[in-house]
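Student: Could you show me how to read a predicted structure step by step, starting with how helices lie against one another?

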Amino acid sequence: DLSRTPHILVGGMSGSGKSIFLQNIITCLTSRSTSDEVQLLLFDLKRVEFDYAKELPHLYGNVIRDVDDAVLMLENLVNIMEERLSAMDSAGVLSSLSRKGTPGLDKYNEKCGLKLPRIVAIFDEYAVPVTENDKIRDLILKLVAHGHGAGIHLIIASQRTSDEIFTSTMRAIV
């Protein structure tokens with residue numbers, strides 16, 4: 001239930017099953033929800049995962065395989081989040097949100113007669129883009145802090161779980 005799951009951080013050494021776990025999440029999301037209900041953003045900067053998912057109707061654009069494309073997509077996602085939060089605030093829904101079990105998007109859709117989908121951004125090996133571009137960390141922190149209320153969820157996997165990759169601020173919010 002995405003309304004009750006803000007974000008997920010996944011850490012583990014190579015071969016520990018992170019990619020299989022992400023595949024299972026994608027399978028669950030796509031088999032239980034239509035593409036009108038859930039859209040997926042897949043970030044695969046190692047270029048070895050998510051080929052199986054490129055034909056899914058749930059996919060929001062192409063699988064992201066380049067750091068510059070990742071920055072552009074994350075900027076777009078932050079804009080979507082800010083637009084949604086502003087609209088929710090105008091509709092009087094934002095003030096009723098709490099961090100855990102936030103039904104913000106559901107309440108907003110119900111109140112306004114809309115059907116905005118939840119967006120799930122999934123990173124396989126988050127350390128790659130973070131170490132190559134500092135802007136990615138800043139965008140991710142914005143999404144971690146406010147995305148859940150706007151129906152945007154992050155699932156981030158990495159072999160490296162140091163504070164350089166999963167900052168203490170990120171861990172505290174998630």
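**Helices that cross**

Tutor: Begin with one crossing: where α2 passes α3, the crossing is left-handed, a word used when the near helix is turned anticlockwise from the far one by less than a right angle, whereas clockwise would make it right-handed. Before we go on, keep in mind that this is a predicted model, in which local features need pLDDT of at least 70 and side-chain atom pairs count only at pLDDT 80 or more, while totals for chains, interfaces and linings use all residues. Residues are numbered from 1 along each chain as its sequence is written, and side-chain values use heavy atoms, with hydrogens and water left out.

Student: At what angle do α2 and α3 pack, and how far apart are their axes?

Tutor: Two packed helices are described by the angle between their axes and the distance between the axes. Here α2 and α3, the latter covering residues 104–112, pack at about 60 degrees with their axes 11 Å apart; the axes are lines fitted to C-alpha atoms, for helices over the stretch in contact, and angles run from 0 to 180 degrees between N-to-C directions. The two helices are therefore oblique to each other, given that angles under 35 degrees count as roughly parallel, over 145 as roughly antiparallel, 65 to 115 as roughly perpendicular and the rest as oblique.

Student: Which residues of α2 and α3 meet?

Tutor: On the α2 side they are R84, A87 and M88, and on the α3 side G104, L105 and Y108, where contact means heavy atoms within 4.5 Å. Sorted by character, the residues of this contact are four nonpolar, one polar and one charged; Ala, Val, Leu, Ile, Met, Phe, Trp, Tyr, Cys and Pro count as nonpolar, Asp, Glu, Lys and Arg as charged, and the others, Gly among them, as polar.

Student: How do α2 and α5 cross, and at roughly how many degrees?

Tutor: The axes of α2 (residues 67–90) and α5 (residues 134–146) come within 10 Å and cross at roughly 30 degrees, and the two helices are therefore roughly parallel to each other. Their crossing, too, is left-handed. From α2 the contact draws on residues including V71, L74, V78 and M81, and from α5 on residues including I136, L139, I140 and L143. The residues of this contact comprise 12 nonpolar, one polar and three charged.

Student: How many helices and strands does the protein have, and in which pattern do they follow the sequence?

Tutor: The protein has six helices and four strands, which are DSSP runs numbered from the N terminus, helices being H or I of at least four residues and strands E of at least two. Along the sequence they come in the pattern β-α-β-α-α-β-α-α-β-α. Among contacts with a separation of 6 or more, 69% are made by residues 24 or more positions apart.

Student: Let us turn to single residues. Is L41 buried or exposed?

Tutor: L41, which lies in strand β2, is buried, with a relative accessible area of 0%; buried means under 20%, exposed over 50%, and partly exposed in between, with a 1.4 Å probe and protein chains only. The C-alpha atoms of L41 and I119 are separated by 7.3 Å, although these residues are 78 residues apart along the chain. Leaving aside neighbours within four places in sequence, L41 is in contact with residues including Y60, M73, L77 and I119. Of the 174 residues of the protein, 47% count as buried.

Student: Where are D124 and K46 found, and what does each touch?

Tutor: D124 is in strand β3 (residues 118–124) and is buried at 2% relative accessible area, whereas K46 is in the loop between β2 and α2 and is partly exposed at 33%. Beyond neighbours up to four places away in sequence, K46 touches D124, E125 and V128, while the contacts of D124 include S19, F43, K46 and A157. D124 and L45 are 79 residues apart in sequence, with 7.6 Å from C-alpha to C-alpha.

Student: What does H153 touch?

Tutor: H153 lies in strand β4 (residues 152–158) and counts as buried at 1% relative accessibility. Setting aside residues up to four places away in sequence, H153 touches residues including L2, H7, R118, V120 and H148.
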